[in-house]
Each structure stands twice: as structure tokens, then as C-alpha cells.
Amino acid sequence: GTGQTWGRYRFAYNTILLAPGTSSAVFRIFDGNESVEMHNNVIVRQGGDTTPIKVYRTVETSWSTGSEIVGGRGNWIPSNAVDVPATWTDTVSGTTPAFMDLGGLDLRPAPDSALLQAAMPTMSPSAAPFPSPLLVPVYQPSARALAPGEQEPRVSDRDIGAFDPVGAAPPDPPGGGGMGGGDNG
């Protein structure tokens with residue numbers, strides 16, 4: 001009943017939006033775990049709140065190996081974020097990741113966004129490689145305009161976060177062909 005698994009956990013390609021005034025850590029690790037890794041996530045607070053974001057907290061966990069195993073690569077965090085894992089690499093930071101309209105919840109990267117082309121290949125901590133990870137999401141979260149259950153293919157594998165940038169071209173259909181040429185019969 002505790003949720004204790006002694007397992008390995010991986011968070012990748014998420015857009016994490018915090019409400020103003022949120023004070024708890026984004027990644028708050030509980031119970032027994034072997035490892036946690038976070039890759040190519042963007043963490044931002046809405047509403048213009050500039051209170052530093054606490055990235056992670058592990059005081060409520062026990063590590064199966066006796067020592068903490070936390071890794072991560074290519075995450076975007078505000079430059080004033082605190083409690084950032086020392087083992088994260090290639091972290092991008094700034095005052096804003098530049099979404100199309102944060103207030104309107106359009107969380108696609110804007111054309112000048114620091115999220116564009118900044119994702120890094122994921123690498124598990126060497127002490128706890130993640131078994132058979134999905135490398136890049138195939139679908140992005142549904143836009144508000146889509147009917148429930150509809151999915152949009154994810155086009156870019158080089159951008160941090162959950163959403164494709166504005167103007168991303170849809171992928172070619174299976175079998176090739178694409179727009180504007182090819183063997184379309």
C-alpha cells in the first residue's frame with residue numbers, strides 16, 4: 001500500500017506548468033526506488049510568478065542501492081530554479097522558454113523559443129540503465145480544438161517539451177510520398 005517498487009523511473013519530453021504560488025518540488029520522490037531520470041522536460045510557472053521553482057526533493061525516499069541515482073539531460077528550467085539535481089547535464093535555463101501564449105495555454109514553442117533544437121539524446125545513469133525506453137514521443141498532447149481521444153503526431157524529435165513548434169510540417173504518410181512530389185500515383 002505504499003507504492004514502494006524499488007524501480008527505475010523516467011520522465012521525458014514533458015511540459016510541466018506550475019500554478020502561481022506552488023511551493024512543492026516538481027519531482028518529489030517517495031518510498032523505495034532504484035533510480036529516477038528526467039530528460040528534455042520544460043518546467044515553468046504561469047501567472048508571472050517569479051518565485052524560484054524547486055525542481056526535486058528526495059528526502060522521503062529510500063534508494064535500493066543505498067545511494068541516490070538521479071540523472072537527466074536537456075531540461076529547460078528557469079534560471080532561478082533551486083534544488084536542481086547536480087547530475088543533470090546540458091540543462092537550458094532562462095527567464096522564459098517562449099511559448100506561443102502561456103496565459104492562453106498555447107504551450108507550443110514560439111519561433112524564437114530556447115526549446116527549439118535543444119533536446120538532447122537521453123542517457124540513463126550508468127549504474128541503472130532504463131530497460132527498453134521509448135526514445136521520442138510519437139504523439140503530442142491533444143490541442144484543445146481536437147475531440148477527446150484524437151491524437152496529433154509529434155513531428156520534431158529535437159525540441160524540448162511535449163509540443164511541436166508553430167508551423168511544424170506534418171510527417172510524411174507511411175510509405176513516403178509526402179507533399180509536393182514523389183510517387184503519388
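Analyst: Strands here are DSSP runs of E, at least two residues long, and helices are runs of H or I, at least four long, both numbered from the N terminus. This is a predicted model, where local features need pLDDT of at least 70, side-chain atom pairs count only at pLDDT 80 or more, and totals for chains, interfaces and linings use all residues. Residues are numbered from 1 along each chain as its sequence is written, and side-chain values use heavy atoms, with hydrogens and water left out.

User: Okay, so where is Trp-6 placed?

Analyst: Trp-6 sits in the segment before strand S1 (7-12).

User: And what is the phi of Trp-6?

Analyst: Most residues other than glycine have a negative phi. Trp-6 isn't a glycine, yet its phi is positive, about 60°. Ser-132, also not a glycine, has a positive phi near 50°. You'll find Ser-132 in the loop between strand S11 (106-109) and strand S12 (139-140).

User: Why does Ser-132 count as buried, partly exposed or exposed?

Analyst: Buried is under 20% relative accessible area, exposed is over 50%, and partly exposed is in between (1.4 Å probe, protein chains only). Ser-132 counts as exposed because its relative accessibility is 72%, while Trp-6, at 38%, counts as partly exposed.

User: Which side chain of opposite charge is nearest to Arg-154?

Analyst: Lys and Arg count as positive, Asp and Glu as negative; His and chain ends aren't counted. A salt bridge puts a side-chain nitrogen of Lys or Arg within 4 Å of a carboxyl oxygen of Asp or Glu. For Arg-154, the nearest is Asp-164, 4.5 Å away; Arg-154 is buried yet has no salt bridge.

User: What lies 3.1 Å from a polar atom of the Arg-154 side chain?

Analyst: The backbone oxygen of Ala-162. Arg-154 itself follows strand S13 (152-153).

Definitions and conventions
A polar contact is a pair of N or O atoms within 3.5 Å; within protein, one must be able to donate a hydrogen and the other to accept it, and residues adjacent in sequence count only if both atoms are side-chain atoms.
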